[in-house]
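Hi everyone, thanks for coming. Let's spend a few minutes looking at empty space and helix packing in one model.

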Amino acid sequence: MSSGSTETEKVVLITGGAMGLGLAVGEQLGARGWQVGVADLNQLAGEQAVQTLRKAGTRAEFFQVDLASAKGPKAMVDWAAQTFGHLDVLINNAGILTVERFGEMTAEAWERTLIINVRAVALAMSAAGELM
């Protein structure tokens, strides 16, 4: 973490940052001068989000990440540090919602939900913690 960062030097990395709440947070922080790393599985939406942020005057970059991959979260954090020079805030916004009824969820559905909603968050936080 860059403890002496001014508002315009601050860097945020947002998982699930290509749309919805993730993009809205990026827009709000970008309006305050933050640099925004958009991380998402959806490349097209991620690139569109970056264009939206840039049109508003925000420095924004996109990283396509598969958070189900054990190496994805660390690669994402390393990319942000290399791209922006440091990382001030990590927002773990990405997640999946399972629509099956509780008793009908398969073991595979449970595993995927836990991998993305829990393991990926822990791995990303661990990698970001090494930088802060």
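I'll start with the cavity and the pocket and then turn to two helix pairs.

A word on the ground rules: this is a predicted model, where local features need pLDDT of at least 70, side-chain atom pairs count only at pLDDT 80 or more, and totals for chains, interfaces and linings use all residues. Residues are numbered from 1 along each chain as its sequence is written, and side-chain values use heavy atoms, with hydrogens and water left out.

So, what is enclosed? On a 1 Å grid over the protein atoms alone, a cavity is a set of points where a 1.4 Å probe fits but cannot get out; a pocket is an open set with protein on both sides within 12 Å along at least five of seven lines, and lining residues have an atom within 4 Å of a point. Volumes are the space filled by probe spheres set on the points, with grid points joined across faces, edges and corners.

By that rule we get one cavity of 30 Å³ or more, with a volume of about 40 Å³. Its lining is Thr15, Leu67, Asn92, Ala94, Ile116, Ala120, Val121 and Ala124. Helix α4, residues 107–131, gives the largest share, four residues. (Helices, H or I with at least four residues, and strands, E with at least two, are DSSP runs numbered from the N terminus.) By class, that lining has six nonpolar, two polar and no charged residues; here Ala, Val, Leu, Ile, Met, Phe, Trp, Tyr, Cys and Pro count as nonpolar, Asp, Glu, Lys and Arg as charged, and the others, Gly among them, as polar.

The largest pocket has a volume of about 270 Å³. Of its 16 lining residues, Gly16, Asp40, Leu41, Ala94 and Gly95 lie nearest the centre. Both β2 (35–40) and α4 supply at least two residues of the lining, which by class has nine nonpolar, four polar and three charged residues.

Now the helices. α3 (residues 72–84) and α4 pack at about 35°, with axes 8 Å apart; axes are lines fitted to C-alpha atoms over the stretch in contact, and angles run from 0 to 180 degrees between N-to-C directions. Contact, meaning heavy atoms within 4.5 Å, involves residues including Met76 and Val77 of α3 and Ala120 and Leu123 of α4. By class, this contact has 10 nonpolar, no polar and two charged residues.

Finally, α1 (residues 20–31) and α2 (residues 43–55) pack at about 25°, with axes 10 Å apart. That makes them roughly parallel, a label for angles under 35 degrees.

Technical notes:
Angles under 35 degrees count as roughly parallel, over 145 as roughly antiparallel, 65 to 115 as roughly perpendicular and the rest as oblique.
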